Amino acid sequence: FTADSNGIQWKSAVGGGDDDDISSSRVLPAKSIRGAKWTVFGRSGHVRVRSDVTDPHSRELRFDGFPHSDFDRLREALKRHYDVDMQKHSMSSAGCSFGNTDIEDGCMVFRQCILEDADEEGEEFEPRDGDEMMSINLTEVSQCVLPGNNRNEIEVQYHES
């Protein structure tokens, strides 16, 4: 992963195997970079880079494996080269199997649903969005199915590789 005035360049193993001889190198031009988010979960930091490229697979690119301490260095580099302020992004690990969904920039975003007590007696609970639990690039989805007569569930099916 390299960030310089030309853009962001990265090299990744094709197929993710142990063979380091087979790799793919790609570049995201500097003028197309629109934003970035930093998330820490597990043992490493993860960066999401948003762009305005026409390829739907490259609108939001995700990179992982950064040490926790790289946030300030990455934030400074993105600000200097692309005038982008990388924001910290909270993720929920509550373990819920329900939540609120929304479509944002070609991704289906699944958020924790937080129920707040009603202000007045007789009112129902008021749901609000919590932290993001996951987001799925819709170009990776082959179809979405409503199973049976249940309108509160969906089944997301992915392209076979």
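Leaving aside its neighbours within four places in sequence, which residues is Ile 8 in contact with? Its partners are Phe 1, Thr 2, Ala 3, Arg 26, Val 27, Leu 28, Ile 33, Val 49, Phe 63, Leu 78 and Tyr 82. This is a predicted model.

**Overall layout**

The chain has one helix and twelve strands. Along the sequence they follow the pattern β-β-β-β-β-β-α-β-β-β-β-β-β. Of the 161 residues in the chain, buried residues make up 29%. Take the contacts between residues at least 6 apart in sequence: 37% of them join residues at least 24 apart.

**Ile 8 and the core**

Ile 8 sits in strand E2. Ile 8 is buried, with a relative accessible area of 0%. Leu 28 is one of its contacts. The two residues are 20 apart along the chain, and their C-alpha atoms are separated by 5.1 Å.

Ile 8 also belongs to the largest nonpolar core, which has 18 residues. Within this core, Ile 8 and Met 86 touch the most other members. Five elements give two or more residues each: strand E2 (7-13), strand E4 (33-41), strand E5 (44-51), strand E6 (60-66) and H1. H1 gives the most, with four residues.

**The helix**

Helix H1 covers residues 71-82, twelve in number. From first C-alpha to last, H1 reaches 16 Å, close to the 16 Å expected at 1.5 Å a residue.

Which residues of H1 are buried? They are Phe 71, Leu 74, Ala 77, Leu 78 and Tyr 82. These residues lie on the same side of H1, because they cover an arc of only 135° around the axis. The other side of H1 carries exposed residues: Asp 72, Arg 73 and Arg 80. Two of the buried helix residues, Leu 78 and Tyr 82, are also among the contacts of Ile 8. Asp 83 follows H1 and has a positive phi, near 55°.

**The four-stranded sheet**

Four strands form an open sheet in the order E6-E5-E4-E7, with mixed pairing. Its edge strands are E6 and strand E7 (87-88), and each pairs on one side only. Strands of a sheet pair through backbone hydrogen bonds, either parallel or antiparallel. E4 and E5 pair in the antiparallel sense, over eight bridges. In this part of the sheet, Gly 35 has Arg 50 of E5 as its bridge partner.

**Accessibility of selected residues**

Four residues can be set side by side.

| Residue | Relative accessible area | State |
|---|---|---|
| Ile 8 | 0% | buried |
| Cys 113 | 16% | buried |
| Cys 144 | 48% | partly exposed |
| Asp 105 | 64% | exposed |

Why does Cys 113 count as buried? Its relative accessible area is 16%, and buried means under 20%. Cys 144, at 48%, counts as partly exposed. The structure holds zero disulfides. A disulfide is a covalent bond between the sulfur atoms of two cysteines.

Where is Asp 105 placed? Asp 105 lies in the loop between strand E8 (100-104) and strand E9 (107-116). Asp 105 is exposed, with a relative accessible area of 64%. Its C-alpha atom and that of Leu 138 are separated by 9.4 Å, and the two residues are 33 apart along the chain.

**In brief**

Ile 8 is buried and is in contact with Leu 78 and Tyr 82, among others. H1 gives four residues to the largest nonpolar core, while Asp 72, Arg 73 and Arg 80 of H1 are exposed.

Key. Residues are numbered from 1 along each chain as its sequence is written. This is a predicted model: local features need pLDDT of at least 70, side-chain atom pairs count only at pLDDT 80 or more; totals for chains, interfaces and linings use all residues. Side-chain values use heavy atoms; hydrogens and water are left out. The expected span of a helix is 1.5 Å times one less than its number of residues. Buried means under 20% relative accessible area, exposed over 50%, partly exposed in between (1.4 Å probe, protein chains only). The arc is that of the directions from the helix axis to the C-beta atoms. A nonpolar core is a set of buried Ala, Val, Leu, Ile, Met, Phe, Trp, Tyr and Cys residues joined through side-chain atoms within 4.5 Å. A disulfide is a pair of cysteine sulfur atoms within 2.5 Å. Contact means heavy atoms within 4.5 Å. Two strands pair if DSSP finds at least two bridges between them.
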